[in-house]
Amino acid sequence: MVPRTFYTLIALCFAVLVSAKDEQKYVRLDKDATVEGTKCEKLAVRQEWCKYIEAVKCLQSTPATNLTGVPSAMTRYDEFVYTHSLSANGIHGVGQFLPWHRHFGRLYEESLRETCKYEGPLPYWDWDRDTSGDKPISASPIFDPKNGFGGDGVPGTYTVPTDNDNSTYPLIPAAFKGCVGDGPFAAVTMHVGPNLRFTDHCLTRGFNEDVRPALSSAHLAGILSQGDYDSFWNALDGLPFKPEPRLHDAGHGYIGGEMTSFYTSNNDPVFYLHHTGLDRIWWQWQQADLANRLYAMGGKVNNTPPYGQVTLDYTMEFPRLSTSASVRSAMDIRAEPYCYTYDNGALARGFNVFMMALPFLVGAYYL
Ligand SMILES: [Cu+2]
């Protein structure tokens with residue numbers, strides 16, 4: 001008789017293989033859920049980052065769709081950087097910060113699907129996973145040179161431009177160590193930025209472990225405990241408008257280099273994982289009290305007078321990329337065109353493997 005442990009091992013290996021397959025996962029939307037727009041039939045489950053890097057590289061090698069007034073080498077990926085740079089002054093440090101980046105992430109995901117036949121879910125960065133142990137964040141799988149997004153900048157390989165580009169928020173030279181020397185993006189040329197320039201340049205970084213506390217579970221708990229939208233987004237957003245790092249700017253500040261460019265931070269593909277992570281935290285906060293928070297909005301519209309007040313009817317612009325969208329339309333990820341939700345991070349992954357193995361484990365017991 002074959003020992004029980006043999007079947008248990010086979011079952012476990014099978015479960016791990018199934019869970020590692022990169023495919024779109026859906027859940028049914030609760031039929032009693034009240035949704036103001038067109039209700040989604042099913043929700044794609046956004047998961048932590050895995051193997052979507054090839055699709056990003058595809059976007060980075062696909063010519064731009066609109067080359068009016070921009071360098072001819074621009075790619076489809078660069079177009080998203082350009083739209084972010086054109087919008088940056090009006091979408092940070094203001095109430096529309098979260099819905100603008102939610103919709104922007106959706107447009108980016110659509111482009112990965114339509115242009116690069118990407119079929120997997122849009123991944124997110126689970127900072128908690130990378131700060132809960134005692135290893136430096138740089139040792140995290142997300143920065144792995146082989147399976148991740150590559151590591152730190154190499155000192156002496158990049159000169160930060162000093163010409164005046166009329167940026168309201170200039171570059172911070174100390175945050176630039178140099179060009180990323182390994183991983184899938186080490187040889188990629190960016191064409192937009194840094195800040196409001198067009199220069200052909202490498203992906204730059206400068207890891208900074210000092211911001212670790214602002215990426216911790218204790219910090220996250222403080223953000224999620226906020227009772228109203230204005231307090232919530234204020235607790236989550238940060239520099240250059242607040243003196244100490246908070247979750248949003250801590251992610252940018254940890255990675256450094258171009259991630260600290262106010263205008264062109266999305267030249268670093270990890271930008272999208274960081275912002276999907278922020279979107280996930282916002283959704284967790286909304287879900288904690290859907291009746292009161294699903295359409296909770298507020299905060300100022302501008303960083304300078306007249307400040308104004310963000311309402312659900314505020315119109316968000318995506319210059320050169322897409323049509324405008326109202327804040328109201330970006331509040332519920334269970335409604336078209338969003339149709340996604342999130343898993344629960346590291347805990348959920350372990351649980352899924354266990355659940356998939358369970359029938360086999362039970363079967364093995366009775367063999
Ligand atoms: Cu941004």
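1. Contact between α4 and α9. In this predicted model, helix α4 contributes L98, H101, R102, G105 and Y108 to a contact with helix α9, where the partners are Y272, H275, T276, L278, D279 and W282. Sorted by class, this contact holds 5 nonpolar, 4 polar and 2 charged residues.

2. Geometry of the α4 and α9 pair. Two packed helices are described by the angle between their axes and the distance between the axes. Helix α4 spans residues 97–116 and helix α9 spans residues 270–287; their axes are 10 Å apart and make an angle of about 125°. The two helices are therefore oblique to each other. The crossing of α4 over α9 is left-handed.

3. Spacing of the contact residues. An α-helix has 3.6 residues a turn, so residues three or four places apart point the same way. The contact positions in α4 include L98, H101 and R102, followed by G105 and Y108. On the α9 side they include Y272, H275 and T276, and also L278, D279 and W282.

4. Contact between α6 and α9. Helix α9 also packs with helix α6, residues 217–224; the axes of α6 and α9 come within 10 Å and cross at roughly 45°. That angle makes α6 oblique to α9. Here the crossing is right-handed. The residues that meet are L220, I223 and L224 in α6 and I281, Q284 and W285 in α9. By class, they comprise 5 nonpolar residues, 1 polar residue and no charged residues.

5. The annotated span. An unreviewed UniProt entry carries the annotation "domain: Tyrosinase copper-binding" for residues 268–279. In the model, this span is 83% helix and 0% strand, and its end C-alpha atoms lie 18 Å apart.

6. Helix α7. Which residues of α7 are buried? They are Y229, F232, W233, N234, A235 and L236. The helix runs over residues 229–236 and is mostly covered, with 6 of its 8 residues buried. The elements covering these buried residues include α4, α6 and α9, together with α8 (247–255).

7. Two loop positions. Is I142 buried or exposed? I142 lies in the loop between α5 (127–131) and β3. I142 has 23 other C-beta atoms within 10 Å and is therefore buried, the cut-off for burial being 20 or more. Its C-alpha atom is separated by 8.9 Å from that of D130, and the two residues are 12 apart along the chain. T159 is placed in the loop between β3 (153–155) and β4 (178–180). T159 is exposed because 10 other C-beta atoms lie within 10 Å, and the limit for an exposed residue is 12 or fewer. T159 and F176 are 17 residues apart in sequence, with a C-alpha to C-alpha distance of 8.6 Å.

8. The chain as a whole. The secondary structure amounts to 11 helices and 8 strands. The chain has 367 residues, of which 43% count as buried. Among contacts between residues at least 6 apart in sequence, 70% join residues at least 24 apart.

Note on methods
Residues are numbered from 1 along each chain as its sequence is written. This is a predicted model: local features need pLDDT of at least 70, side-chain atom pairs count only at pLDDT 80 or more; totals for chains, interfaces and linings use all residues. Axes are lines fitted to C-alpha atoms, for helices over the stretch in contact, and angles run from 0 to 180 degrees between N-to-C directions. Helices (H or I, at least four residues) and strands (E, at least two) are DSSP runs, numbered from the N terminus. Angles under 35 degrees count as roughly parallel, over 145 as roughly antiparallel, 65 to 115 as roughly perpendicular and the rest as oblique. A crossing is left-handed if the near helix is turned anticlockwise from the far one by less than a right angle, and right-handed if clockwise. Two residues are in contact if their C-beta atoms, placed from the backbone, lie within 7 Å. Ala, Val, Leu, Ile, Met, Phe, Trp, Tyr, Cys and Pro count as nonpolar, Asp, Glu, Lys and Arg as charged, and the others, Gly among them, as polar. UniProt positions are given in the numbering used here, feature names are shortened, and annotations may be inferred rather than shown by experiment.
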